[in-house]
Amino acid sequence: KLTELMEHEAQFKAFLIVEQEGSMSLDDLRNALGSPIVLVKKIVKNLQDVDLFEINDDGKISIKKE
């Protein structure tokens, strides 16, 4: 699943950051990437669409468990 996303550097970076942190808020991810919130939301949605990210009830982003 990562292969097709790796060409998009920001998405790959976002995945690695969340993987390292375990879980984080959208705002924390925005700060870590240094990107506008609109772009970060799009990245998170893209990674959710391919079942790599999930968002819990507290709004924390994490890697989706199989």
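In what order do the three strands of the open sheet lie? Select them and you will read β1-β3-β2, with antiparallel pairing (strands pair if DSSP finds at least two bridges between them; strands (E, at least two residues) and helices (H or I, at least four residues) are DSSP runs numbered from the N terminus).

Before going further, note that this is a predicted model, in which local features need pLDDT of at least 70 and side-chain atom pairs count only at pLDDT 80 or more, while totals for chains, interfaces and linings use all residues. Residues are numbered from 1 along each chain as its sequence is written, and side-chain values use heavy atoms, with hydrogens and water left out.

**Stop 1: the sheet.** Colour β1 (23–24) and β2 (53–55), the edge strands, each of which pairs on one side only. Between β2 and β3, look for three bridges in the antiparallel sense. Ile55 is a good residue to click here, as it stands opposite Ile61 in β3. Now add α4: this helix packs on the sheet and touches β2 and β3 (contact means heavy atoms within 4.5 Å). The direction of α4 makes about 110° with that of β2 (axes are lines fitted to C-alpha atoms, for helices over the stretch in contact, and angles run from 0 to 180 degrees between N-to-C directions).

**Stop 2: along α4.** Next, show the side chains of Val40, Ile43, Val44 and Leu47, the buried residues of α4 (buried is under 20% relative accessible area, exposed over 50%, partly exposed in between, with a 1.4 Å probe and protein chains only). Look down the helix axis: these buried residues fall within an arc of 95°, so they line one face of α4 (the arc is that of the directions from the helix axis to the C-beta atoms). Turn to the face away from the buried side to find Val38 and Lys42, both exposed. Just after the helix comes Asp51, with a positive phi near 60°.

**Stop 3: the core.** Select Val18, Leu29, Leu33, Leu47 and Phe53, which touch the most other members of the 15-residue largest nonpolar core (a set of buried Ala, Val, Leu, Ile, Met, Phe, Trp, Tyr and Cys residues joined through side-chain atoms within 4.5 Å). α2 (9–21), α3 (26–33), α4 (37–49) and β3 (61–63) each give two or more residues to this core. Centre on Leu29: beyond four places in sequence, its contacts include Ala14, Val18, Val44 and Ile61.

**Last stop: Ser35.** Finish in the loop between α3 and α4, where Ser35 sits. Ser35 has 15% relative accessibility and therefore counts as buried. Setting aside neighbours within four places in sequence, Ser35 contacts Arg30 and Val40.
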